[in-house]
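Colleague: Could you take me through one part of this model in detail, starting from the N-terminal side and working outward to what it packs against? I'd like the cut-offs spelled out as you go.

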Amino acid sequence: MDYRIEKDTMGEVHVPADAIYGAQTQRSIENFQIAQDINKMPKEIIRAFAYLKKAAALTNFDAGVLPKEKCDLIGQVCDEILEGKLDHAFPLVVWQTGSGTQSNMNVNEVVAYRGHVIQGGKLTDKEKFLHPNDDVNKSQSSNDTFPTAMHIAAYKMLLDVTIPGIEKLRDTLQAKSQEYMHVVKIGRTHFMDATPLTVGQEFSGYVSQLNHGLKAIKNTLAHLSELALGGTAVGTGINTPPDYAVNVAKHIANLTGLPFITAENKFEALAAHDAIVEAHGALKTVAVSLMKIANDIRMLSSGPRSGIGEIFIPDNEPGSSIMPGKVNPTQCEALTMIAAQVLGNDVAINIGGATGHFELNVFKPVMIYNFLHSARLIGDGCVSFNNKCAVGLAPIEENIKKHVDNSLMLVTALNTKIGYYKAAEIAQTAHKEGTTLKEMAVKLGYVTPEQFDEWVIPANMVGKI
């Protein structure tokens, strides 16, 4: 491979001749050869760095510590990063220093070297127009840039992907709940027959779960909006111009169109990542809800002839390579696997968040990697489940009625008429002898046929609709 020689404070490094990064990026490539083909630093983090580097340049220019020509050039390269034009220049993996220093320097080098080329320079030039540390990283430290990128990326992912995906599924389930509010079905507790409710009432529980989950996620946005930038090395703000922290947050807010502010306490923002832990806790709660919803729907749709068979779900693809005509609840399965993955991600995030020592948490890359993974999985998973399953599901009313009519738990309606023990005797004896509730109730002499028909009406047992 053709290469050029770059230098950093540790000496010379061979860098691919056409790479628009320098020595520190190359060192990271060589030192962390861990899952390099599958665990790249998420592009959302790289985009977030572009926002903050541009904002830092603007703030430094405003403060009179960075020339306008350099400020404009940094901004131009950051715009190219945001457009995805330089994705190939960010090869580093998640598994690196826990502060994310190598990724911060990767961005610094790319901005500096690409800017130098835009100016008409060559990658082989020993002196470049922009310096990765002195210009691009001015007034910054990896210790405050990476957590800032974490918050920008997390906030945007929740807003752009996760929340809309959950809302889409919520809205469909809400519509289904209203549409089928008067379809009376048998309830089930402990996997056993219970008293009736309606399909709409059952689905309203799913809607409420997602509404609470959405509320929990949105409640975390305020903490995520706080940015660490300006804390530099340990939170004191060393090597920053006056009012830098406040002003750089304003620039980031303007560039992203999101309500970012400077963190109230920079020591918390660098040493702990409770905002990420909190927000992912909300994602975990949604994952638990999705697991319940998907499992309910796949069990209710089981069969089609030998299961519960109360709900029809769309047939999307063949379900077996050996059993002709078999169709499986694949969207339910995908969503439950997503939920399992999110729960696993939460463990890694909790361990990372709990292991911030002294003035710096050094689990930053793995925390944001798992966070963004969960946030995208939930958002995309909800859309897939909505479009390929929820939209097309419908109650199979013939089977629903059969199950209602055959249920022994309708006897609950007799509790207030003849008492719990007599009602229990009717149900237990009817089950033992294989008769209907009505037949046994009349046989035991506890009610007349007319009384049974008047008192045991499933539609009257579902409460207010």
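Modeller: Here's a walk through helix 1 and its surroundings, followed by a few other spots for context.

Keep in mind that this is a predicted model, where local features need pLDDT of at least 70, side-chain atom pairs count only at pLDDT 80 or more, and totals for chains, interfaces and linings use all residues. Residues are numbered from 1 along each chain as its sequence is written, and side-chain values use heavy atoms, with hydrogens and water left out.

Let's start with Gln26, which lies in helix 1, residues 23-31. Helices here are DSSP runs of H or I with at least four residues, strands are runs of E with at least two, and both are numbered from the N terminus. Gln26 has a relative accessible area of 9%, so it is buried (buried means under 20% relative accessible area, exposed over 50%, partly exposed in between, with a 1.4 Å probe and protein chains only). Its side chain makes a polar contact of 3.0 Å with the side chain of Glu30. A polar contact is a pair of N or O atoms within 3.5 Å; within protein, one must be able to donate a hydrogen and the other to accept it, and residues adjacent in sequence count only if both atoms are side-chain atoms. Leaving out neighbours within four places in sequence, Gln26 is in contact with Val13, His14, Val15, Pro16 and Tyr21, where contact means heavy atoms within 4.5 Å.

Ile29 also sits in helix 1, and at 19% relative accessible area Ile29 is buried. With neighbours within four places set aside, Ile29 is in contact with Tyr21, Gln36, Pro91 and Leu92. For a longer-range reference, Ile29 and Asn133 are 104 residues apart in sequence and 19 Å apart in space, C-alpha to C-alpha.

Now for the packing. Two packed helices are described by the angle between their axes and the distance between the axes. The axes of helix 1 and helix 4 (residues 101-118) come within 8 Å and cross at roughly 140°. Those axes are lines fitted to C-alpha atoms, for helices over the stretch in contact, and angles run from 0 to 180 degrees between N-to-C directions. Helix 1 and helix 4 are therefore oblique to each other; angles under 35 degrees count as roughly parallel, over 145 as roughly antiparallel, 65 to 115 as roughly perpendicular and the rest as oblique. Their crossing is left-handed, meaning the near helix is turned anticlockwise from the far one by less than a right angle, whereas clockwise would make it right-handed. On the helix 1 side the contact is made by Ala23, Gln24, Thr25 and Ser28, and on the helix 4 side by Gln102, Met105, Asn106 and Glu109. By class, the residues of that contact are 2 nonpolar, 5 polar and 1 charged. In that scheme Ala, Val, Leu, Ile, Met, Phe, Trp, Tyr, Cys and Pro count as nonpolar, Asp, Glu, Lys and Arg as charged, and the others, Gly among them, as polar.

Leaving helix 1, you get to Ala35 in the loop between helix 1 and helix 2. Phi of Ala35 is near 50°, a positive value in a residue other than glycine, and Ala35 counts as partly exposed at 27% relative accessibility.

Helix 2 (residues 43-62) has its own partner: the axes of helix 2 and helix 8 (residues 244-256) come within 8 Å and cross at roughly 130°. That pair is therefore oblique too, and helix 2 passes helix 8 in a right-handed crossing. The contact of helix 2 with helix 8 has 9 nonpolar, 5 polar and 2 charged residues.

Another loop to check is the one between helix 5 and helix 6, where Ser139 is found. Phi of Ser139 is near 65°, again positive in a residue other than glycine, and Ser139 is buried at 7% relative accessible area. Ser141 is in the loop between helix 5 (132-136) and helix 6 (142-179), and Ser141 is buried at 15%. The side chain of Ser141 reaches the backbone nitrogen of Asn143 at 3.0 Å. Not counting residues up to four places away in sequence, Ser141 touches Asn104, Thr232 and Ala233.
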